[in-house]
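Good morning, colleagues. I should like to take you through one protein model, element by element, and I ask that you keep the display in view as I speak.

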Amino acid sequence: MTAILSGGVIAAGEGSRLRGLGVPKPLARVAGVPLIEHVLSNFEAAGIASAAVIFNEAEEDCAAFVRQRFPGLVATVVVKNTHSSLESFREILASAPAGRLLVSTVDAFCPREDFVRFVRRAAEAPPDATVLAVTSFVDDEKPLWVTVTRRGRVTVVGGSRGDAVTAGIYVVPEKVRRLHAPPGLGRLRDFLAWLARSGEPIEAVSIPKVVDVDRVEDLAAAEELARVPAGGTR
């Protein structure tokens, strides 16, 4: 088992559907806790020692928040406007320390116990495998489906159906961090689909429920999930 000690958070999206809240998306609160604090607290609970975070240029207050709240965890804060989730992902890959990297989008609201379990199981995967958190809970306008074998190997990423959907949490091996993807890939999902087509080993680890907090109504779903006791029924 190879320990996963480094992480990165993608929080550079515009969050246009949550603008009515009056705060940037990373500071939108679930159970009284900002989304970015929830993710980074999950990182700490999972044993991550160093993390990089990317915000867009309108989120300087978010950058100040994480520097103050997580001075021992957040080693790098990138404040930059990016054109896509894939560009933000690449910025994180370049900014974080070498080795296997735990990456989460800021809007992936995951119960701490499930998050820690995912990281532990991902650490048991072959060190050259990309590991995707997947869930059977689907409440997304454009879910990213994956097809998975009985042994947990992902064979297809993308398409109109599959066995589960990605949950916005990944473990990326050093080999994949150094890959040169073909030009023309627009989004992170396109990169993951290309990885699968290229034959790179991809493993799936299931999480019962992760809420993609993209809309105001998603906050209510995340609040409900936050109220479920550890080990409880969702």
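I shall speak about two strands and their partners, then about the helices, and finally about a few individual residues. Please bear in mind throughout that this is a predicted model.

Let me begin with strand β1, which covers residues 6-11. How many of its residues are buried? The count is 6 of the 6, so β1 is largely enclosed by the rest of the structure. Its residues point in two directions: Ser6, Gly8 and Ile10 go one way, while Gly7, Val9 and Ala11 go the other, and all are buried.

Strand β1 has two partners to discuss. With strand β4, residues 50-55, β1 pairs in the parallel sense over 6 bridges. Within that pairing, Gly7 has Ala51 of β4 as its bridge partner. With strand β6, residues 101-105, the pairing of β1 is again parallel, and here there are 5 bridges. Val9 is matched in β6 by Ser104.

I turn now to strand β8, residues 130-135, where 6 of the 6 residues are buried. Thr130, Leu132 and Val134 face one way from β8, and Val131, Ala133 and Thr135 face the other way; all of them are buried.

In which sense does β8 pair with strand β12, parallel or antiparallel? It is parallel, over 5 bridges, with β12 spanning residues 202-206. Opposite Ala133 of β8 stands Val205 of β12. The pairing of β8 with strand β11, residues 164-172, is antiparallel and runs over 4 bridges. There, Val131 has Val171 of β11 as its bridge partner.

One residue of β11 deserves a closer look, namely Thr166. Its relative accessibility is 17%, and Thr166 therefore counts as buried, the cut-off being under 20%. Which residues does Thr166 touch, once its neighbours within four places in sequence are left aside? They are Leu132, Ala133, Val134, Leu144 and Val146.

Now to the helices. Helix α1 is mostly covered, with 9 of its 11 residues buried. Those buried residues are Leu35, Ile36, Glu37, His38, Val39, Leu40, Ser41, Asn42 and Phe43. After α1 comes Gly47, with a positive phi near 90°.

Helix α1, residues 35-45, packs against helix α4, residues 112-123, at an angle of about 50°, and the two axes are 9 Å apart. That angle makes α1 oblique to α4. The crossing of α1 with α4 is right-handed. On the α1 side, the contact is made by His38, Ser41, Asn42, Phe43 and Ala45; on the α4 side, by Arg112, Phe115 and Val116. Sorted by class, the residues in this contact of α1 with α4 are 4 nonpolar, 3 polar and 1 charged.

Helix α1 also meets helix α2, residues 60-69; their axes come within 11 Å and cross at roughly 35°. This crossing of α1 and α2 is right-handed too. Ile36, Glu37, Leu40 and Ser41 of α1 meet Phe65, Val66 and Arg69 of α2. The contact of α1 with α2 comprises 4 nonpolar, 1 polar and 2 charged residues.

Further along the chain is helix α6, residues 188-197, in which 7 of the 10 residues are buried. They are Leu188, Phe191, Leu192, Ala193, Trp194, Leu195 and Ala196. Just after α6, Gly199 adopts a positive phi of about 85°.

I close with two residues in loops. Gly158 lies in the loop between β10 and β11. Is Gly158 buried or exposed? With 18% relative accessibility, Gly158 counts as buried. Residues up to four places away in sequence aside, Gly158 touches Leu144 and Trp145. Its C-alpha atom is separated by 8.3 Å from that of Asp190, and the two residues are 32 apart along the chain.

The other is Ala31, in the loop between β2 and β3. Most residues other than glycine have a negative phi. The phi of Ala31, however, is positive, near 55°. At 49% relative accessibility, Ala31 counts as partly exposed.

Thank you for your attention.

Note on methods: Residues numbered from 1 in each chain as written. Predicted model: local features only at pLDDT ≥ 70, side-chain atom pairs only at ≥ 80, totals over all residues. Heavy atoms only, no water. Buried < 20%, exposed > 50% of the residue type's maximum accessible area, 1.4 Å probe, protein only. Axes fitted to C-alpha atoms, helices over the stretch in contact; angles between N-to-C directions. Parallel < 35°, antiparallel > 145°, perpendicular 65-115°, else oblique. Left-handed = near helix turned anticlockwise from the far one by under 90°. Contact = heavy atoms within 4.5 Å. Nonpolar A, V, L, I, M, F, W, Y, C, P; charged D, E, K, R; others polar. Pairing = 2+ DSSP bridges.
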